[in-house]
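Here are some notes for a first look at this structure. Please keep the model open and follow the points in order.

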Amino acid sequence: MEVLKEKRQNTMLDNVIEQFNTISDIMDLNPNIRKILSITNNEIIIRFPVKMDNGSIEIFTGYRVQHNNALGPYKGGLRYHPSVDVNDAKALAMWMTWKTSLAGLPYGGAKGGIQIEPRNYSLAELERITRRFAFALGENIGPEYDIPAPDVNTNEQTMAWIADTFMSTKSSSERSNNKHVVTGKPVGSGGLEGRDRATGFGVYITLRLLFDSRKESLKGKKFIVQGFGNVGYWASKFLTDDGALLIAVQDAHATLINEKGISVADLHEHSKPRKGSVKGFEGASEMEPEDFFGLECDFIIPAALGNQITEKNARKIKSKVIAEGANGPTNNEAERILLANNVTIIPDILCNSGGVIGSYFEWLQNRNGELWSLDEVMVKIEKKLTEVFKKVEKLANEDKIDYRTAAYILAIKRIETAYIQRGIFP
């Protein structure tokens, strides 16, 4: 007797390919350009040895996938996580292509990282791992070719190590011309004031714009956040500063709830010395993780990893707004359920694009030898995000389509136009 197998859950790559094919059909994308955009240009897998603090050698696997550079240099983050593999990198690289195109930036899409649990390594070991990875990547990255940035479990320190390693491979007279090989660097090493908060700020701005368009205020709105890293923290800070109320937070270690409101500042202070973990925070109670997405609230911010909202939990969701702080947190089957329930989803390629917009300004600042103040940077990011949000909203309203479909059409249309105008070599 044949035993029925449980249906395999779609991967992020399955989701992004399905999204692309669906949108290509809707917009009647040029079939030749569809072929080009359905594949990645380069997939780089690197295995490299690193000496540990105890003298032993470990072998690590790193990835860099470059999807498309029709609009400019490849751009995208590097993440350190056990789940990193070539297929996830392919999916994330494609999303970066759409994200940079939608934002009107002169970039293509890339993504990568190392298959590693960084919590298990000392700071000195992480530095050696990062520098060895950067050296192994070699000319596969570069300030006018492929520009990495921080992502899950990487930060400004990671970027400083990569920049220093890459610059050290250049001649003395050329080193300063290569500072913009990465973005998200510390301010003292050529970073941009405000880059640390740019992604979370973008989540806040897109939510504010959505509620503004509904003639509603954020004041008193209750929200929940999955992931309290850089994006989750900054989004929560800006939202609570504007009067919203954070009532629940979930990470890999704990799920916390306080209906009266969780102090963002106190939770941040609690999590910092605990490698980002919210477990043990006294300002909230622990709850069952599987009940998190079903909480009564005005909006949800998934700001952790991909494929968190699936067909298994989508029906529990009572919130009518989801703001995707992470990349690909909602799979396609879940999205169909949510849209049928009149849930508005601010898609990742719009909602969390404040980070890559900030990266663009850092890249420009390094390239042109300029220095901008924090206030100038935040105004620039808000202006750019507002322009993009209004375009997406306008198309969604005119064509009576959801925000993701509108965002994808605008993004892919821009790349299609570039190919049509330029032609294909030779």
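1. **Helix H12, buried residues.** In this predicted model, the buried residues of H12 are Val377, Met378, Ile381, Leu385, Val388, Phe389, Val392, Glu393, Leu395 and Ala396. Glu393 is worth finding in the view; this residue belongs to the buried set of H12. The helix itself covers residues 374–399.

2. **Helix H12, span and partners.** H12 has 26 residues. From its first C-alpha to its last it reaches 38 Å, close to the 38 Å expected at 1.5 Å a residue. What do its buried residues pack against? The partners are H3, helix H6 (198–213), helix H7 (230–241), helix H10 (348–351), helix H11 (354–368) and H13. Just after H12 comes Lys400, with a positive phi of about 55°.

3. **Helix H11.** This helix is one of the partners of H12's buried residues. Of the 15 residues of H11, 13 are buried, so the helix is largely enclosed by the rest of the structure. Its length is as expected: at 1.5 Å a residue, the 15 residues should span 21 Å, and the end C-alpha atoms are 21 Å apart. Gly369 follows just after H11 and takes a positive phi of about 70°.

4. **Thr100 in helix H3.** H3 is another partner of the buried residues of H12, and Thr100 is found in H3. Is Thr100 buried or exposed? Its relative accessibility is 0%, so Thr100 counts as buried. Not counting residues up to four places away in sequence, Thr100 touches Lys75, Leu105, Tyr107, Gly108, Val356 and Arg414.

5. **Helix H1, the buried side.** H1 has 16 residues and reaches 22 Å from its first C-alpha to its last, close to the 22 Å expected at 1.5 Å a residue. Its buried residues are Met12, Leu13, Asn15, Val16, Gln19, Phe20, Ile23, Ser24 and Met27. They lie on the same side of H1, because they cover an arc of only 160° around the axis. These buried residues pack against helix H2 (31–37), helix H3 (86–102), H9 and H13.

6. **Gln19.** This residue is found in helix H1. Gln19 counts as buried because its relative accessibility is 7%, against a cut-off of under 20%. Which residues does Gln19 contact, leaving aside neighbours within four places in sequence? They are Trp95, Asn332, Arg404 and Tyr408.

7. **The second largest pocket.** About 240 Å³ of space lies in this pocket. Its lining has 13 residues, and Gln19, Thr22, Asn332, Glu335 and Thr405 lie nearest its centre. The elements that give two or more residues to the lining are helix H1 (12–27), helix H9 (332–340) and helix H13 (403–422). H1 supplies the largest share, 5 residues. By type, the lining divides into 4 nonpolar, 4 polar and 5 charged residues. Gln19 joins this point to the last one: the residue is among those nearest the pocket centre, and Asn332 is one of its contacts.

8. **Asp28, after H1.** Most residues other than glycine have a negative phi. Asp28 has a phi near 55°, a positive value in a residue other than glycine. Where does Asp28 lie? Its place is the loop between H1 and H2. Asp28 counts as exposed, because its relative accessibility is 66%, and the cut-off is over 50%.

9. **Asn307.** This residue also has a positive phi, about 55°, although it is not a glycine. Asn307 is found in the loop between strand S10 (299–302) and strand S11 (321–323). Asn307 is buried, with a relative accessible area of 16%, whereas Asp28 counts as exposed.

10. **Asn341.** Look in the loop between H9 and strand S12 (344–346) for Asn341. Asn341 is partly exposed, at 34% relative accessible area. Lys318 is 23 residues from Asn341 along the chain, and their C-alpha atoms are separated by 9.2 Å.

Technical notes:
Residues are numbered from 1 along each chain as its sequence is written. This is a predicted model: local features need pLDDT of at least 70, side-chain atom pairs count only at pLDDT 80 or more; totals for chains, interfaces and linings use all residues. Side-chain values use heavy atoms; hydrogens and water are left out. On a 1 Å grid over the protein atoms alone, a cavity is a set of points where a 1.4 Å probe fits but cannot get out, and a pocket is an open set with protein on both sides within 12 Å along at least five of seven lines; lining residues have an atom within 4 Å of a point. Grid points are joined across faces, edges and corners, and a volume is the space filled by probe spheres set on the points. Helices (H or I, at least four residues) and strands (E, at least two) are DSSP runs, numbered from the N terminus. Ala, Val, Leu, Ile, Met, Phe, Trp, Tyr, Cys and Pro count as nonpolar, Asp, Glu, Lys and Arg as charged, and the others, Gly among them, as polar. The expected span of a helix is 1.5 Å times one less than its number of residues. Buried means under 20% relative accessible area, exposed over 50%, partly exposed in between (1.4 Å probe, protein chains only). The arc is that of the directions from the helix axis to the C-beta atoms. Contact means heavy atoms within 4.5 Å.
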